[in-house]
Amino acid sequence: MSELAEYQRRIAAALDRIGKGLEARAAEVAEPAFEAGIDPEVAAELESLRAALATERDSNNQLIERIRAVRRKQERAIAGLQRQITDLKRDADAAAVELERHKRVAAELADTNRVLREAAEAGVSDPELLNASLKAEFDALRAARAAEIAELDAILSALGPVMDKAEAGEEANDA
């Protein structure tokens with residue numbers, strides 16, 4: 001049994017020495033001043049690792065710059081789309097106002113024509129009624145024209161960016 005205890009003591013002492021040696025080696029590796037006395041292979045590997053780290057840092061910085069550039073581009077695109085949406089909303093609102101006006105005038109025209117028809121059926125010829133009918137018809141034509149103009153303005157507003165891109169593409173191809 002004493003032999004077994006002796007072996008255990010010796011193994012424990014050996015493990016203790018190994019642990020202290022590893023700690024000392026780890027402390028040497030952690031300090032930059034250790035390089036003067038290290039194995040040339042280890043120094044070369046360390047230098048290779050440092051170069052790889054520098055390369056990765058450069059790559060990382062390049063990726064960060066690319067991400068920033070993409071983000072700026074997206075922000076510009078979003079701002080452009082928001083302007084287009086605002087313009088389209090404004091054009092749609094104007095078209096809606098014109099359409100509502102057109103509906104109102106068309107309803108007035110229908111009422112005036114109904115009254116004029118009833119007067120014609122009764123055999124009554126009223127110049128005031130005829131003038132009112134003609135005025136309502138002219139107003140309806142003007143409202144229809146204004147609605148068409150508003151619709152065309154909306155279409156032209158939507159086509160503007162497409163035409164700008166097409167012109168830019170042609171200029172790039174010419175260059």
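**Group meeting: a helical model**

Let me start with one residue: Leu 141 is exposed, with a relative accessible area of 52%, where exposed means over 50% relative accessible area, buried means under 20%, and partly exposed is the range in between, using a 1.4 Å probe and protein chains only. What we are looking at is a predicted model, in which local features need pLDDT of at least 70, side-chain atom pairs count only at pLDDT 80 or more, and totals for chains, interfaces and linings use all residues. Residues are numbered from 1 along each chain as its sequence is written, and side-chain values use heavy atoms, with hydrogens and water left out.

Leu 141 sits in helix α3, and its C-alpha atom is 8.5 Å from that of His 102, although 39 residues separate the two in sequence.

Turning to the chain as a whole, the secondary structure amounts to three helices and zero strands, and the order from the N terminus is α-α-α; helices (H or I, at least four residues) and strands (E, at least two) are DSSP runs, numbered from the N terminus. The radius of gyration is 44 Å, well over the 16 Å that the globule rule gives for 175 residues, so the chain is more spread out than a compact globule. That radius is taken over C-alpha atoms, and the rule is 2.2 Å times the number of residues to the power 0.38. Along the principal axes, the C-alpha atoms fill a box of roughly 140 × 60 × 20 Å.

How much of the chain counts as buried? Of the 175 residues, 9% do. The accessible surface comes to about 14300 Å², and 58% of it belongs to carbon and sulfur atoms; areas come from the Shrake-Rupley method with a 1.4 Å probe, and for residues only the protein chains shown count as cover. Among contacts with a separation of 6 or more, 68% are between residues 24 or more positions apart, a contact meaning heavy atoms within 4.5 Å.

A word on confidence, for which pLDDT is the predictor's own score for each residue, from 0 to 100. The chain has a mean pLDDT of 80, and 91% of its residues reach 70 or more. Among the elements, helix α1 (residues 2-30) has the lowest mean, at 75, and helix α2 (residues 40-122) has the highest, at 86. As a general caution, where pLDDT is low, the predicted coordinates should not be read in detail.

Now to charged side chains, where the structure holds eight salt bridges, each defined as a side-chain nitrogen of Lys or Arg within 4 Å of a carboxyl oxygen of Asp or Glu. One of them joins Arg 90 and Asp 87, at 3.2 Å from N to O, and these two residues are separated by about one helical turn because they are three residues apart in helix α2. Both count as partly exposed, Arg 90 at 48% relative accessibility and Asp 87 at 31%.

Asp 87, Arg 90 and Asp 91 are linked in a network of salt bridges. Is Asp 91, which also lies in helix α2, buried or exposed? Asp 91 is buried, with a relative accessible area of 9%, and, leaving aside residues up to four places away in sequence, it touches Asp 153, Ala 154 and Ser 157.

Further along helix α2, Arg 101 and Glu 98 lie three residues apart, about one turn of the helix, and form a salt bridge whose closest N and O atoms are 3.6 Å apart; Arg 101 is partly exposed at 30%. Arg 104 and Glu 108 also meet in a salt bridge, at 3.4 Å from N to O, with Arg 104 partly exposed at 45% relative accessibility and Glu 108 partly exposed at 35%.

Finally, back to helix α3, which spans residues 127-174 and contains Leu 156. Leu 156 is exposed, with a relative accessible area of 57%, and it belongs to a nonpolar surface patch with Leu 152, Ile 155, Leu 159, Val 162 and Met 163, about 570 Å² of accessible area together. Patches are made of residues with over 30% relative accessible area and no salt bridge, with like charges joined within 9 Å and nonpolar side chains (Val, Leu, Ile, Met, Phe, Trp, Tyr) within 5 Å. Asp 174 is in helix α3 as well and is exposed, at 68%; its C-alpha atom is separated by 52 Å from that of Arg 104, 70 residues away along the chain.
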